[in-house]
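This report concerns the arrangement of a single protein chain. Please consult the sequence and the three-dimensional view below while reading.

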Amino acid sequence: MNTTEYMQQELQTLKEHSNLRLLPQLTHEGRTVVADGRRMLNLSSNDYLGLAADRRLREEFLQNLTPDNFLPTSSSSRLLTGNFGIYEELETELATLFGTETALVLNSGYHANMGILPAVSDAQTLILADKLVHASIIDGIRLSTARYIRFRHNDLAQLERLLEQHHTTYRQLIIVTESIFSMDGDQADLTALVRLKKKYPNVLLYVDEAHAFGVKGARGLGCAEETGCIRDIDFLVGTFGKAAASAGAYIACCHTIREYLVNRMRTLIFTTALPPTSIAWTLFIVRKLAGMQDRREHLARIGRTLREALQAKGYGCPSASHIVPLIIGPSADTVLCAELLQRHGFYALPVRPPTVSEGTSRIRFSLTADITEQEIEEMIKYI
Ligand code: PMP
């Protein structure tokens with residue numbers, strides 16, 4: 001069997017198990033999408049604050065744009081000629097907001113997670129990662145030369161046992177978690193994690209706030225802001241591709257870690273930096289996040305409404321946030337449920353293995369602040 005025949009056979013197997021993925025053909029119109037000629041409310045976007053759908057924001061940003069400052073490429077890595085001043089402006093803004101020594105902007109959350117762990121770890125490092133961390137973190141761990149153990153999801157008793165058992169064997173141990181988990185929408189107990197890490201001098205904490213940046217905290221800085229532990233987290237990572245309606249990512253950290261990353265992080269060193277105009281848009285949005293408390297409160301409210309409605313229908317719902325899974329189990333049933341919702345004007349998507357573990361296929365509702373309570377209540381009727 002040649003390569004393409006082998007691939008076709010594998011794809012056929014995926015199809016038979018209802019796990020074949022296709023790139024959706026979509027047109028975006030504000031908070032709705034049009035697919036197959038049908039307009040649907042988008043319940044699957046990571047535009048959590050509804051900023052990407054907000055035309056007025058784009059108009060405001062465009063007012064200051066001219067052919068001289070519209071820079072669609074940086075043409076180079078930041079370490080060569082790509083380090084435009086706007087990068088450092090954004091990093092200074094982030095460090096000021098977070099109250100950290102410094103910050104470093106990266107090309108995406110994927111680049112961040114795939115690059116930081118390999119850069120800062122070695123064979124004398126043990127990484128202890130939550131079982132449900134995102135694929136980009138897993139890839140970062142795989143690229144590193146560290147040893148790693150994945151602890152049961154949010155099981156801090158197991159984590160404590162592992163720390164106790166291994167802390168004298170390794171030069172450093174790095175606990176890795178997300179603050180809001182991407183598929184279950186539940187949260188890590190950051191206060192308890194900080195308490196644990198502080199018991200040992202050689203334990204560091206890495207937190208991915210991809211789904212919390214913009215959404216949580218009084219100024220939208222994430223769960224670490226909400227729980228008052230920003231400066232206790234050694235690697236505080238987040239993305240601009242979700243609530244901040246842009247692209248790119250950050251790490252808020254100390255000077256030494258930043259300098260080390262600039263020297264060692266391959267996904268920073270060997271890639272063309274994001275376009276300066278993209279960074280300018282991020283900075284424009286980041287400066288507005290603190291003033292968006294009403295959007296955050298509304299998002300929290302509709303998240304609660306949806307979770308309670310699913311529970312009232314007998315579905316177990318692990319979520320504590322605006323990411324709300326409707327866990328159905330078999331992929332085929334999940335696909336049918338998504339199709340039913342789409343027929344009624346709600347663009348909800350199935351998430352299937354390998355993104356989630358076998359037998360836990362789900363509809364992943366990913367709510368945005370421009371969805372109304374009434375729309376949630378209307379949608380729930382079809383579940
Ligand atoms: N971390 C987590 C927890 C994520 O869910 C994602 C994206 N789904 C990423 C990182 C990757 O971020 P980006 O989209 O900016 O590459």
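The sections that follow treat the domains, a pair of packed helices and some backbone features of this predicted model.

**Domains and their contact**

The domain assignment divides the protein chain into domain 1 (17-51 + 292-380) and domain 2 (85-289). Between the C-alpha centres of domain 1 and domain 2 the separation is 26 Å. Domain 1 brings 19 residues to the contact, and domain 2 brings 18 residues. On the side of domain 1 that touches domain 2, helix H12 (293-312) and strand E11 (323-329) each supply at least two residues. The most is given by E11, with three residues. By residue type, this side of domain 1 comprises 12 nonpolar, four polar and three charged residues.

**Packing of helices H4 and H5**

Helix H4 (residues 109-120) packs against helix H5 (residues 135-143) at an angle of about 30 degrees, and the two axes are 7 Å apart. Because angles under 35 degrees count as roughly parallel, H4 is roughly parallel to H5. The crossing of H4 with H5 is right-handed.

Residues of H4 that take part in the contact include Gly-109, Tyr-110, Met-114 and Pro-118. From H5, the residues that meet H4 include Ser-136, Asp-139, Gly-140 and Leu-143. The residues of the contact of H4 with H5 divide into eight nonpolar, five polar and one charged.

**Backbone features**

Two serines have a positive phi value, as listed here with their places in the chain.

| Residue | Phi | Loop location |
|---|---|---|
| Ser-18 | near 60 degrees | between helix H1 (3-16) and strand E1 (27-29) |
| Ser-75 | near 65 degrees | between helix H2 (55-62) and helix H3 (85-98) |

Are these serines buried or exposed? A residue is buried if 20 or more other C-beta atoms lie within 10 Å of its own, exposed if 12 or fewer, and partly exposed in between. Ser-18 has 17 other C-beta atoms within 10 Å and is therefore partly exposed. Ser-75 has 14 C-beta neighbours inside 10 Å, so Ser-75 also counts as partly exposed.

Where in the chain is there a cis peptide bond? This bond joins Pro-353 and Pro-354, with omega at about 10 degrees. Pro-354 is located in the loop between strand E13 (350-351) and strand E14 (361-366).

How values were computed. Residues are numbered from 1 along each chain as its sequence is written. This is a predicted model: local features need pLDDT of at least 70, side-chain atom pairs count only at pLDDT 80 or more; totals for chains, interfaces and linings use all residues. Domain bounds come from an automatic or database domain assignment. Two residues are in contact if their C-beta atoms, placed from the backbone, lie within 7 Å. Helices (H or I, at least four residues) and strands (E, at least two) are DSSP runs, numbered from the N terminus. Ala, Val, Leu, Ile, Met, Phe, Trp, Tyr, Cys and Pro count as nonpolar, Asp, Glu, Lys and Arg as charged, and the others, Gly among them, as polar. Axes are lines fitted to C-alpha atoms, for helices over the stretch in contact, and angles run from 0 to 180 degrees between N-to-C directions. Angles under 35 degrees count as roughly parallel, over 145 as roughly antiparallel, 65 to 115 as roughly perpendicular and the rest as oblique. A crossing is left-handed if the near helix is turned anticlockwise from the far one by less than a right angle, and right-handed if clockwise.
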